[in-house]
Every structure is written in C-alpha cells, then in structure tokens.
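Biologist: Could you walk me through this protein? I would like to take it one question at a time.

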Amino acid sequence: MQSVTIERNQAGQRLDKFLRKLMPAAGTGFLYKMLRKKNITLNGKRAEGGEILTVGDNLSFFFSLETFAKMTGRGTGEAQPSQEPGRDREASRAPAAEYIRAYHTLSGSGISVLYEDDDLLIADKPAGILTQKASASDISLNEWLIGYLLEKGSISPEELYTFKPSVCNRLDRNTSGIVLCGKSLAGSQYLSCCIREKRLRKIYRTVCVGEISKELTLRGYLKKDPLKNKVQINLKTPSAENALNAEASQNYIETICRPLAVSGGYTLLEVNLITGKTHQIRAHLAGIGHPLIGDAKYGDPKVNRYFRERFNLQYQLLHAYRAELPDMENADMEDADAAAVDAESAKTWKTFLAPYPRIFLEITKKLGLGAGDDYD
C-alpha cells in the first residue's frame, strides 16, 4: 500500500482531478474503477471522485510499489504531469534540474521580482523574453519562475508532480512590464478568478505616432489570423444582430487611451484594457492611425527605422506599467474563488508598479514627453 497526505498546494480541488495529475499514466476509466473497488480510498473510506480535498486528507493506494511508480511516472524515466488540461504536456514535464537551469540561464536577463508573498509573485519582465513557451525548446518566464522557487526552497521537486507555479497573464515577447504569477494553488486560483471576473486592472504606457489631445474610448471587433500571428480590427459599429452573435461578442474589444504628454508629433499614452485580446493595444491604435513606435507588425516602417537607427529600438515601446488587485489580506486565501468574487467588498486595492525600462526613459526624454514625471 502507498499513501499520500494532501498538502496546501493540493487542497481545494476535486479528488479525480488530483488523481489525474498524480497518476498521468493511468486512464480516467481506470481511476474510477479503482475508486469503485476501494483500491484507492480517501481517509480510509470509499470515494466517488467528486470530493473536494482538504489539507491533511489521506489517500491510500492498494497497488504494488511497481504499479504505483508506473502510474505516477516516478522512477520510471517519465516526467511530472502537467497541472492544466490543454497545456503542452511535454513542455511542462521538465524535471526540477531543468527548471533550475532555466532560472540560472535567465538570471542575467533583467527579470526582477516586484512583490512576493506565500501565494503570489509579481514579476517585471524585460522585452525579448517569452511569458510562456511557444515551442518545446524555448525558455520562458514560466520556467524561470519554477526554477526560482525551487532554488529558494519555496517548492519541492516532489510537489511538481501535482502542482506547478505558473504565470497567470501573458505579455507579448517584446512587451515589457508586470506579469502576475501564482506561487500556490490558492494564489493561482485567486489570480485566475480576478482575471475572469474582471477584478484585475492593467494599465500600460506607450508612445504612439501622432498627437492625441483628449481621452479616447476605442471599440471594435478583432479577427485573428493564426498563420500570420496577426490580428485585424473592425472599427465599424456592428448591427444589433451581430452584436448579439456569440462569436462577435467573444471578439469584442474596448481600449481606453489617456494622453499624458504630447510633443513633436508623438504622444505618451496611458492605456487601460477593458478587454484583453491578442495584440489589442498595438492593432487598435494602428487602426486609428496612431501606431506604436517600434512596432514591426502594425507600425510605420519609416518611423521604426528612425528609432532603430537613433536609439537601437528593436521592438514596440509598450510597457505594462501598473496592475491593481483587490487587497484581500483579510480574506481566506484557501477559498480563493470566493475571495476574488467578493473583491468589491474590499476597502483597498493593492497597486504594483514596474519602473520604465532604460530605453523608454531615454526615448521619451529626447522626444520631450517626460515619462519620468508623475502622472498618477
């Protein structure tokens, strides 16, 4: 008989979901059969699979050591299971040593930690680094995060079998700034729920071509071309029939742009994403004739060439400057979904700021836009 005691990063989820993570080589049908035959028990009793696990629960497996090792992948050359359905399993199965190597590989890249507690980590990502892998050979902020936590001893290699810390929001490779990360299962659930329930406020800053003199609320519909990794924006007001269409509703975008400074044909903008879609800021502003400087995909080639030659700007000047989350210090983080949904009752918000990259400061100073000033 083998046994597993449920710890903090394993609690709060359904038993059957946990078993699929723990035993990736076992089929779902096999697991339910083992539950019915009491070859897998919860606290010494028969279980159905839908039970919600709590800290201290005990699971017993009436298998041989060899069978248990085969099903879990431990000691068989198999790697740890992915924590989320739909994610690239091979990309997320790297052993602990590979995550630590990824952490050391990216240690000199400029990634910094803006905030950290038992559940959350807020990182400042430089431009040029992927948030998550695009291919199996990539090293991304996600691998850096796990390696960082392993190196610190905040998570053990054994815990990676059933839970992996992960980033909870994505930035384009060449967009810099704030990335929210869940260190614990409760933290990941909390951030995911804040994003899903639109409790997260994300503010970007950028420099666009042309002068914008007043606040704009931009609306439209986005269509993605996955082959070109590019989107198109329809700025026309849709008919009432189309507005009710489910697909149209999913592709609806809304962007609020507030000018902070205007000088010499350029504008320093603060951008608030009401919706969060692929390339939304870049494509939306380009769609109204104000592309971001440095944006090779949606920008003005002549403008981009000027900033590349004068400032060595190799990417769009877009920075995730500020993030605001409900301050749930008094909430029970073990009940993360309830905490996030009840965020409106929180009296204050936690605000996180990512300092401007050096090139952002250099360019805005030369343009007379004064990004170093306090516009909050």
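What follows is a set of short questions and answers about this predicted model.

Biologist: How many helices and strands does the protein have?
Modeller: Both kinds of element are present in this predicted model. The secondary structure comes to twelve helices and 14 strands.

Biologist: What share of the residues counts as buried?
Modeller: Buried means under 20% relative accessible area. The protein has 376 residues. Of these, the share that counts as buried is 49%.

Biologist: Which helix gives the most to the largest nonpolar core?
Modeller: In soluble globular proteins, nonpolar side chains tend to be buried together. Here the largest nonpolar core has 36 residues, and Trp144, Tyr204, Ile281 and Leu285 have the most contacts inside it. Several elements each supply at least two residues, including helix 4 (96-106), strand 8 (201-209), strand 12 (266-273) and helix 9 (280-287). With seven residues, the helix that gives the most is helix 5.

Biologist: Which residues does Leu285 contact, leaving aside its neighbours within four places in sequence?
Modeller: Leu285 is among the residues with the most contacts inside the largest core. Setting aside neighbours within four places, its contacts are Ile212, Leu218, Cys257, Leu269, His290, Pro291 and Leu292.

Biologist: How many residues are in the second core?
Modeller: This core is separate from the largest one. Phe18, Leu31, Ala47 and Leu59 are among its members. Its size is 21 residues.

Biologist: Is helix 1 parallel or oblique to helix 2?
Modeller: Helix 1 (residues 15-22) and helix 2 (residues 28-36) have axes 11 Å apart and pack at about 120 degrees. Roughly perpendicular covers 65 to 115 degrees, and roughly antiparallel starts over 145. The angle falls in neither range, so helix 1 is to helix 2 oblique.

Biologist: Is the crossing of helix 1 and helix 2 left-handed or right-handed?
Modeller: Helix 1 brings Leu15, Asp16, Leu19 and Arg20 to the contact, while helix 2 brings Thr28, Leu31, Tyr32 and Leu35. By class, that is five nonpolar, one polar and two charged residues. The crossing is right-handed.

Biologist: How are helix 10 and helix 12 placed, roughly parallel or roughly perpendicular?
Modeller: The axes of helix 10 (residues 301-311) and helix 12 (residues 358-367) come within 12 Å. They cross at roughly 110 degrees. The range from 65 to 115 degrees includes that angle, so the two helices are roughly perpendicular.

Biologist: How many charged residues are in the contact of helix 10 with helix 12?
Modeller: Phe307, Arg310 and Phe311 of helix 10 meet Ile359, Glu362, Ile363, Lys366 and Leu367 of helix 12. By class, five are nonpolar and no residue is polar. The number of charged residues is three.

Biologist: What is the phi of Lys198, and is this residue buried or exposed?
Modeller: Most residues other than glycine have a negative phi. Lys198 is not a glycine, yet its phi is positive, about 60 degrees. Lys198 sits in the loop between helix 6 (185-196) and strand 8. Exposed means over 50% relative accessible area, so at 63% Lys198 counts as exposed.

Biologist: Is His279 buried or exposed?
Modeller: His279 lies in the loop between strand 12 and helix 9, and has a positive phi of about 55 degrees although it is not a glycine. Leaving aside neighbours within four places in sequence, His279 is in contact with Asp172, Asn229, Lys230, Val231, His284, Lys297 and Tyr298. Its relative accessible area is 7%, under the 20% cut-off, so His279 is buried.

Key. Residues numbered from 1 in each chain as written. Predicted model: local features only at pLDDT ≥ 70, side-chain atom pairs only at ≥ 80, totals over all residues. Heavy atoms only, no water. Core = buried A, V, L, I, M, F, W, Y, C linked by side-chain atoms within 4.5 Å. Buried < 20%, exposed > 50% of the residue type's maximum accessible area, 1.4 Å probe, protein only. Helix = DSSP H or I, 4+ residues; strand = E, 2+ residues; numbered from the N terminus. Contact = heavy atoms within 4.5 Å. Axes fitted to C-alpha atoms, helices over the stretch in contact; angles between N-to-C directions. Parallel < 35°, antiparallel > 145°, perpendicular 65-115°, else oblique. Left-handed = near helix turned anticlockwise from the far one by under 90°. Nonpolar A, V, L, I, M, F, W, Y, C, P; charged D, E, K, R; others polar.
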